[in-house]
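I opened the notebook with two topics to look up: the contacts with the RNA, and the packing of the nonpolar residues.

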Amino acid sequence: MTLQDSGNVRVRFAPSPTGYLHIGGARTVLFNWLLARKYGGKLILRIEDTDRTRHVEDSVGQILDDLRWLRLTWDEGPEAGGAFGPYYQSERLDLYNKYLDQLLASGEAYYALETPEELGAMRAAAEKATGGFRYPRPDPLPSIEEGLAVRAEGRAVVVRLKMPAADITVDDEILGQVTVAADQHEDFVIQKGDGFPTYHLACVVDDELMKISHVLRGQEHLMNTPKHIALQRALGFSTPRYAHLPVIFNIDGSKMSKRDKEKAIKKGLPPPEIDVHDFRVAGYLPEAVLNFISLLGWSPGEDREQFDLQEMTTLFSVDRIGKTNAKFDREKLQSFNTDWAARLSEDRLLEAYKEYLSANLDGGEISEWVNGPVTDAVLRLILRACRGFRTFRQVDAKVRFLFTADDDIVYDPKAVKKVLKKNDGAGYAMLEDLLNRFEALTEWTGDVLESLLNRVMTEKETKLGHVAQPIRVAITGATISPSIHESLFLLGPEHSLARIRLCLAKREDES
RNA sequence: GCCCCCAUCGUCUAGAGGCCUAGGACACCGGCUUUUCAUGCCGGCAACAGGGGUUCGAGUCCCCUUGGGGGUGCCA
């Protein structure tokens, strides 16, 4: 990046509205966002909705939502507006048609009259014969009149670009020079039979009209770039700087596909997180997700790993982006999440927790726990009691007993056996003793409870575990919860005592 | 098949010819702390894909092989 680029950086993220924002897409936006931020440029959000058959209802809303959750803002695009709109390609058809006409008139493009079926047959035959197919340019080329006449008959006709008979070199900021030989080119389709432009045309026209300076996109687009360069030359456009990002895979090397989720569900396995939304629902913090994906294909060096968006912006640079594909390691993400959760302010953590809850309740709000309405103060207490947690989902699991009615507590048989029945019901005996002491308490605070339990431990010359675990099982049904005095305090005297009595009563039922 | 890209611990990576006895982080394995689950602390294991060059010297440059990935759509 040279000095004269400063202030003129205009980058874009151009998703197709086919579902939630994919985690790989998130990294692409992030890098674009960082570049724009670093050089005081603009990030443009453009919706590439030229394939009506793949359009998914409301997915633009979902993508915008995911970006907001990540705190990645855009300067132009849906909701933001801008001087280069519209930002939906489906609303820019007249623009594409104008350039299409120009190309047709100058002879740089031509109508191709094969039906999809004919093309398919040609491809199949060629693949059988040589293993590969390249569209053979007709000789002579159909005239414009001919193309128009066929179209007038109601038959779908496509427009193809006449590729130049010369090598094309992509000057990539990450990969260096990549040359595709002249004999590898193919006259590709720029307008589909339904009158929509293909991705290539729309992309090139928009990048020019929107004055895009740098294109940072996935490496799966590398082989499209010579096509785009040819189109730019035919149209008299300039060529933006290109940087093709390495691809992100699953830990086993397979593609991170949205279909992995359906496959896992079919097998009865928990679905893996693939889309940004999945990570949100699973209880990850946007700070951690962003930090983690920034390190997939990029590194600031000097053994630095953890930083927020601001530091990232300072550290970011395109020449530190690597060429090697990366595998997505959820274990490391979890570790990052743990660190971020420990580092964030209470206010921010509370906000993030509420976002997590709302994503899981489909936008609804969690309203009641055993002791009444759920307030911010309650959520703060919960988060504090769960310090050291890895994801919000773990927080949920740990405090579920606070959202369960006394009669609905499910006692884990293993826990009951190990903690209560063992040693001739030593656990139950402990509970009976503790019940009396709890009933005598006039104050129910964490401190009071803690010192009471400590006293019991000393008196009985036993470990705290023998005191705490029976209570834990009695009030939660299982062996996992926040520290015992905090668990008791949060539950409150009424429910705590009720559950201990209930637990003791259940023992009698069984004997 | 053809074209293109890539190659350091299991994973993410540092490494711009001597600073490399190859560094960090996650995971893993030990140990400590602990009231459960976590957390925290200490220690350990672990890599330059293979082969040729170039050079006084190669993880770093070149070539080949192998392996991985992408493209080869009227998808983007």
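**RNA contacts and nonpolar cores**

I began with E48 in this predicted model, where an N or O atom of the E48 side chain is 3.0 Å from a sugar or linking oxygen of RNA strand B. I then looked at the backbone: a polar backbone atom of Y199 is 3.1 Å from a phosphate oxygen of the strand, and a backbone N or O atom of G297 lies 2.4 Å from a phosphate oxygen of RNA strand B. Next I listed the elements that give two or more residues to the surface near the strand, among them α4 (116–130), β4 (158–161), α6 (199–209), α12 (330–343) and α18 (464–476).

I went on to the whole surrounding of the strand, which comprises 69 residues, with K192, G297, R390, K398 and S481 coming nearest. Sugar and phosphate make up 68% of the atoms of RNA strand B that come within 4 Å of the protein. By residue class, I noted 20 nonpolar, 27 polar and 22 charged residues on the surface near the strand.

Which residues touch the most other members of the largest nonpolar core? I found F328, F392 and F438, in a core of 110 residues, to which helix α16 (residues 413–440) gives the most, namely 10 residues. Leaving aside residues up to four places away in sequence, I recorded that F392 touches G283, L285, L349, A352, Y353, Y356 and L383. I also noted a second, separate core of 28 residues, including L104, V157, I168 and V178.

Key: Residues are numbered from 1 along each chain as its sequence is written. Chains are lettered from A and ligands numbered from 1 in the order in which they are written. This is a predicted model: local features need pLDDT of at least 70, side-chain atom pairs count only at pLDDT 80 or more; totals for chains, interfaces and linings use all residues. Side-chain values use heavy atoms; hydrogens and water are left out. A residue is near a molecule or strand if one of its heavy atoms lies within 4 Å of it. A polar contact is a pair of N or O atoms within 3.5 Å; within protein, one must be able to donate a hydrogen and the other to accept it, and residues adjacent in sequence count only if both atoms are side-chain atoms. Helices (H or I, at least four residues) and strands (E, at least two) are DSSP runs, numbered from the N terminus. Ala, Val, Leu, Ile, Met, Phe, Trp, Tyr, Cys and Pro count as nonpolar, Asp, Glu, Lys and Arg as charged, and the others, Gly among them, as polar. A nonpolar core is a set of buried Ala, Val, Leu, Ile, Met, Phe, Trp, Tyr and Cys residues joined through side-chain atoms within 4.5 Å. Buried means under 20% relative accessible area, exposed over 50%, partly exposed in between (1.4 Å probe, protein chains only). Contact means heavy atoms within 4.5 Å.
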